[in-house]
Amino acid sequence: MILTLGVKKSRQLCLALFYRRTRKRRIKLSTIFFLILFPLVVALALLVLKTDAARDIIVKVSAIVIAVASIYLAFTYFGSGGKFFDFENESINYLMMGIEICLAILIFYLGIKHKKYLASVLVAIQAPLMVWFELSIGHGIHVVNNLYIDRLSIIMVLIIGIIGTLITWYSIGYMKDFQHHHHDQPDRRPLFFFLMFLFLSAMFGIVVSNNLVWLYFFWEITTLCSFFLIGFTRTKEAINNSFRALIMNLLGGLGFVLAIIVLGTMGTLELNQVLLAGMMGYDLTLPVALLAFAGITKAAQMPFNSWLLGAMVAPTPTSALLHSSTMVKAGVFLIVKLAPVLSGNFAGIMVMTVGGITFLMASFAAISQSNAKRVLAYSTVANLGLIVACGGIGTSAAVWAAVMLIIFHAVTKSLLFLCVGTAEHNIGSRDIEDMDGLFGRMPKLAAFMIVGISGMFLAPLGMLISKWAAMKAFVDSGNVLLVMMIVFGSAATLFYWTKWLGKMTAIMAKQENIQGNVHKEEWLVLTSLTVLTVVICLVFPLMSTYLVVPYLTAVYSTVGTLALSSGNMYIMSGMLAIVVLLPLLFYGKTTKKIVPIYMAGANLGDDLRFENSMHQPTSVSLKNWYMEGYFGEKKMNLIGVLTTTAVLLFTFAVLLGGVL
C-alpha cells in the first residue's frame, strides 16, 4: 500500500515536472514566435493606417515591445549552450510554400511589366525547383528540430530588436520631412513602415531557423523587402536599382535552393546536422559552397556589391536598416554560422578570397567618394568583406573577430547613416564637401558623427580592436596575400575616415545654428545610438567573455589563443573610459579666449576671408583630395569584379568537376 502510494506520488511528481517543463518550454518558444509574428502584425496594421498620430503611437509602442522582448529572449537563453525546438507542424510548411508561390508570381509579373526579364527568368527557375523539392524529396525528410537558438542567435536578435527598432523610431520624423520634400507625390508611408516591420519579422526568422527550408523562406522575404524599399520612390533610377538588387539576390537564392536539393538528397535539411557532419569529415563542400555563395550575394560582396551601392537611392532609414541590422547582416550571419565547415576546403578558400579582395578594393574605392552615403556604403562593403574573409578562414580566433566586427559595425554604421540623413534634410546635401562648418550649424549632430567616425577606425574603440584581431587571424592562416589585403585595406580605411573627420572637426566662423529643426524622435535615436556606441566599446571585454567565447566553445569545443587576452581587453576598455571621462575634469574650469583665426594668410577681420600671397582677398574654404585618378570607383570595381568572378567560377568548376 505504501509502495503503491509512493509510486503514485512519484508518477504525479514526474507528470507535474513534465508539464512544468513543457509549459516553460512553451513559454520560451512563444517568445520566439512572438518576435517573428508581432512585427508582422504591426506591419499589417501600419499598412492600413493613414493618420500620422496613430502611426506614431504604434511605431513607438511596437519598437519598445520588440526591444523588450528581444532582451527578454536574450536573458532567457543566456545561460544555455544552445537550445533546439522541434515544433513540427506540416501546415506551416504548406503555408510557407503557398506564400513562396504567390511571391514568385508577383516577381515574375513585375519583371515582365518593367522589362527586367532576367528577374522573371530566375524566379521561373527557382520557384518551381523549390516547390518540386518540397513536394517530392523534401516531403520524405523528417526534420527533428526546426528552430535553434544559441549565443550567436542571441547577438543577432539583440541587434535586430534594438538597433532595428531604433531605426523605425527615427523613421517617424524622417519620413515626415521626406513627405514634405516630396509633397507632389502620393503619401506612401504606410507601405514604407509595413516593409520596415516585415523586414524585422523575417530577420528574426532567419536567425532562429534550423530548418534550411524555413531559413530559405525568411531569406527570400528579406530579398523582397529590400526590393520594394529600394524602389520606394518609383523613379527610373530607383526601379533600375531595385531590380539590380533583386536579380543579384535571386542568383543567391538559386544557389540556396540548389544547396537544399543537394543536402536533401543526402537526407538532411537541418543546419546543425550539416555543421556536425562537416566537422566530422563528411564531404559537404559543394552544398556548403552554394550556401556560402548565397551569403556572398546577400552580404553584397564583389562581384555583387553594386546592388548595395544602388540601394542608396532609398530613404536613409532604409540604408541604415539594410547596412546595420538586416539584409547584409543575414549574409554574414550565414557565413559565420558555416565557418566551422569552411576551414581548409575549397569553399573556405573561395569565401576568404572573395572577402579579402572585396575588403581591399572597396576600401580603395571609398577614398574617391565625396558623397557621404557612398562612403558609408563602400565602408560597409569593405567591413563585410573582412567579416566574410574571417568566416572563410574558419578558425575560432577568426570567428571571434567576425562576431565582434558584426556587433560594432551594426551600432556604428546605423549611427552614421542616420546622422547623414539628418544632415541632408537640414543642409540640403549629403556631400562631405558641403559639411563645412557643420559644428557651427549643427554642433550636437557633428559631435555624434565624430563619435561614429572615431568608432570606425580609432583606438581604443571597437572596430579597430576587431580589425586587429582579424589581422592576427589572417597572419595565423599563413596566407600572405590575405595579410597584404588587410594591411593595405586598413591603410585606405584610415585615409578616407580621416578626411571626413577633418571636415567634422573644422569650426567655421559665423554659422547659423539650424539644429532646432531636427525632430525630437531623431534626437532620441541619435543620442541612444551614440551612447550605445560608447557603451559597447566599454563593455566589449564582457561581451567577449560571456557571449562570444561561450559560443565558440560550444561550436569548436576548445578555443585557441585570441588576438587579445582578457587582461589587454580590460586595459583598452579602461583607456576608453579615461578618454570619455577626461573632458569632464576640465568642464567649466576654462575661460574662453577668442583669438583671430589663422587662414594661411592675413585675416581680413571677418574670419571668413584672408589676404593671399598676391595681396588679394580670398574666401576661406576647406577641400579634401579624393585621388580619383588613382582610386576611381569604376577602376576599383572593375578589378574587384573580375577577380572575384574568376574565383567563384574556378571554385565551382572544380567542385562540379569533382562531382561529375
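The internal cavities of a predicted model and the surroundings of Val144 are described below.

A search of the whole structure yielded two cavities of 30 Å³ or more. The largest cavity encloses about 140 Å³ of space. Its lining comprises 13 residues, and those nearest the centre of the cavity are Glu100, Ala104, Gln126, Tyr216 and Glu220. Two or more lining residues are contributed by each of helix H3 (90-113), helix H4 (117-135) and helix H7 (212-230). By class, the lining of the largest cavity consists of ten nonpolar residues, one polar residue and two charged residues.

The second largest cavity holds about 40 Å³ of space. Ala366, Gln369, Val375, Ile432, Tyr496, Lys499, Trp500, Asn624 and Tyr626 form its lining. Helix H20 (residues 480-505) makes the greatest contribution to this lining, with three residues. Six residues lining the second largest cavity are nonpolar, two are polar and one is charged.

Attention turns next to a single loop residue, Val144, which is located between H4 and strand E2 (147-149). Val144 is classed as partly exposed because its relative accessibility, 41%, lies between the 20% limit for buried residues and the 50% limit for exposed ones. When neighbours within four places in sequence are set aside, Val144 is in contact with Asp86 and Glu270. The C-alpha atoms of Val144 and Glu88 are 7.6 Å apart in space, whereas the two residues are separated by 56 residues in sequence.

Definitions and conventions. Residues numbered from 1 in each chain as written. Predicted model: local features only at pLDDT ≥ 70, side-chain atom pairs only at ≥ 80, totals over all residues. Heavy atoms only, no water. 1 Å grid on protein atoms, 1.4 Å probe; cavity = no way out; pocket = protein on both sides within 12 Å on 5 of 7 lines; lining within 4 Å. Points joined across faces, edges and corners; volume = space filled by probe spheres on them. Helix = DSSP H or I, 4+ residues; strand = E, 2+ residues; numbered from the N terminus. Nonpolar A, V, L, I, M, F, W, Y, C, P; charged D, E, K, R; others polar. Buried < 20%, exposed > 50% of the residue type's maximum accessible area, 1.4 Å probe, protein only. Contact = heavy atoms within 4.5 Å.
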